[in-house]
Amino acid sequence: MNDKPDQPLWTPSPDRVAATAMEAFRKRAARDHGVDLPDYAALHRWSIDNPETFWTAIWDMGGVVAERRGDRVLVDGDRMPGAKFFPDARLNFAENLLRRRDDGEAIVFRGEDKVERRLSWVELYDRVARTARALSDLGVKPGDRVAGYLPNMPEAVIAMLATAALGGVWSSASPDFGVQGVLDRFGQIEPKVLFASDGYFYNGKTFPLQEKLAPILDGLPTVERLVVVPYTTDAPDLSGLSGAVAFPNFIAGPPPGDIPFTRLPFDHPLYIMFSSGTTGVPKCIVHGAGGTLLQHLKEHRLHADIHRDDRVFYFTTCGWMMWNWLVSALAVEATLMLYDGSPFYPDGNVLFDYAQAERIIFFGTSAKYIDALSKQDYRPIDSHDLSSVRAIASTGSPLAPESFDYVYRSVKKDVQLASISGGTDIISCFALGDPTAPVRRGELQCRGLGMAVEVFDDDGRPVTGEKGELVCVKPFPAMPIGFWNDPDGAKYHGAYFDRYPNIWRHGDYVELTPHGGLIIHGRSDATLNPGGVRIGTAEIYRQVEKLDEVVESLVIGQDFDRDVRVVLFVRLREGVSLTDDLVKRIKARIREGASPRHVPAKVVAIADIPRTKSGKITELAVRDVVHGRAVKNKEALANPDALDLYRNLSELAS
């Protein structure tokens, strides 16, 4: 099948388009500002040409609660970095997520088949109020860091909101991180309080955390209180944990009443996020409260078309930015559908069981999950009632065209499939869904409103229909306010602005389509250069993983004989061997589906493929191992032992 057909896989009905918040926003913007905005392309152009008007409209649409907005919307708008949005505003992030106080469901939670809980808006507010009071009693004040080493459970949301209510700065890691991985992250930001669970469930097993917590505390001398959340046990053993208290005891006391939200400047720090790379200690990326709030309001309300009482699910951990993205759905008064554990326990139906039982409307997951379902031939379209699901979102890596086919063939026919892309760097998206537009095979539907995204060729010129660097040529509110411990901004500048002055270079190798969509071909730094020709790794994965024998693959460029040759590693189905015939078929598939330049010089069978804890394959780490270079941050990997499989391979010696 052609990878870029013009025929859409799905088109929203006129009634559905008319009911979207995006359509209402487009019509209102045209009316209020006297401009002709006939379609999304015109709306997008208007949003980037008129940033002050656009972001003020987003503020109004989202009903932002603030002490004041101020008259100034954008100062130094020609500087990147350096632009300031709403410099006179004062607000509180948590206050905007807790504006609702009634008996409707705020959070629904499942921890595999072991735990199920529900919190109303009233109950959520009360628990946040109690937690904020306890943190305040400890002396937590604006700018203090509070960290979470927690599963994706209600207490993670509660602790974050309580921290933000006081003006503290929240940072989190998932409990599958090892001791060194936690210290590499939290050790840099010196938290005052650490929230942790007593353990977690995964694949039907219980993993206690007590043995990890003692050395973590030893390595974090700034922590004054460890708050342990009972999850796998009713009464966690706190012996040997200095300054530890169980969460129920921490928040005990009389009803606290209203939360005294601390309203702070628009750019006051809210989150510290961590890069997931393997090239050194993780970068600490600081995001501001106002920019995060506005960007998420825009994405949830307009691009995801999330409404009050919609039930919003994203499969994520607290170590991935999609957790932060998901939690912000509280600001549009939607219900958070949390799930922690394996998406394949007891089998691959479990998340669709959840969607059916709870009438989930927005279902978010990863491209690798969809690919795994396809490989195992799951057909929820036959086994589940997914009539409530209006949109399926995918991120983490490029969604292959065949995965688009799979969703519409085997999951649901009448659904918006939104492949989205951005990252921890911006805690949001550069490209994402448009509920008013068709879905085309292999394409992200649109560039985000207010995001001046272009594709630059090697000479720094904007191109359409050609592969190049994803850049953003104008500032936006969700840019980081900086990196932690980077007083002169050198690390921040070097990460995004070193190649094109005053322009954000994101590091993705992409293509802008004539439809206004995007195709992502991989990371720029993992791009292959055989014979000096740039090749995106995703182009190879899309072809190889069409073969039933191949479960997944990883490709690198190996320096060899004064050039770079393409080396493809394949993890095969159980019982399948890499025969000469299979190698020929792999190469033929790549040659026919991509080009002769994409065909690997070597195809090597491998037992495992290393991934970060957020599920991304790590081409750069494998490339370093193959070339005999040290991998500096193995703690970022979910399966670091897999790297040993790539060391000193005889197949790569000639």
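Helices (H or I, at least four residues) and strands (E, at least two) are taken here as DSSP runs, numbered from the N terminus. The model is a predicted one, so local features need pLDDT of at least 70 and side-chain atom pairs count only at pLDDT 80 or more, while totals for chains, interfaces and linings use all residues. Residues are numbered from 1 along each chain as its sequence is written, and side-chain values use heavy atoms, with hydrogens and water left out.

On that footing, the chain comes out with 20 helices and 32 strands. Its C-alpha atoms fit a box of roughly 70 × 65 × 55 Å along the principal axes. The radius of gyration (over C-alpha atoms) is 24 Å, which agrees with the value near 26 Å for a compact globule of 654 residues; that rule is 2.2 Å times the number of residues to the power 0.38. Of the 654 residues, 59% are buried, meaning under 20% relative accessible area, with exposed being over 50% and partly exposed in between (1.4 Å probe, protein chains only). The accessible surface, from the Shrake-Rupley method with a 1.4 Å probe, comes to about 24300 Å², and carbon and sulfur atoms own 47% of that. As for contacts (heavy atoms within 4.5 Å), 70% of those with a separation of 6 or more join residues 24 or more positions apart.

Next, a helix pair. Helix α2 (residues 21-33) packs on helix α11 (residues 289-303) at an angle of about 105°, the axes being 7 Å apart. The axes are lines fitted to C-alpha atoms over the stretch in contact, and angles run from 0 to 180 degrees between N-to-C directions. That makes α2 roughly perpendicular to α11, a label covering 65 to 115 degrees (under 35 is roughly parallel, over 145 roughly antiparallel, the rest oblique). On the α2 side, A21, M22 and F25 make the contact, and on the α11 side R301, L302 and H303 do.

Further along, helix α13 (residues 350-358) has V350, L351, F352, Y354, A355 and E358 as its buried residues. Just past α13, R359 adopts a positive phi of about 55°.

Two strand residues round things off. T365 sits in strand β19 (residues 362-366) and, at 1% relative accessibility, counts as buried. Setting aside residues up to four places away in sequence, T365 touches Y314, F315, I370, A393, S394 and T395. R68, in strand β1 (residues 66-68), counts as partly exposed at 42% relative accessibility. Beyond its neighbours within four places in sequence, R68 is in contact with W59, D88, A89 and R90.
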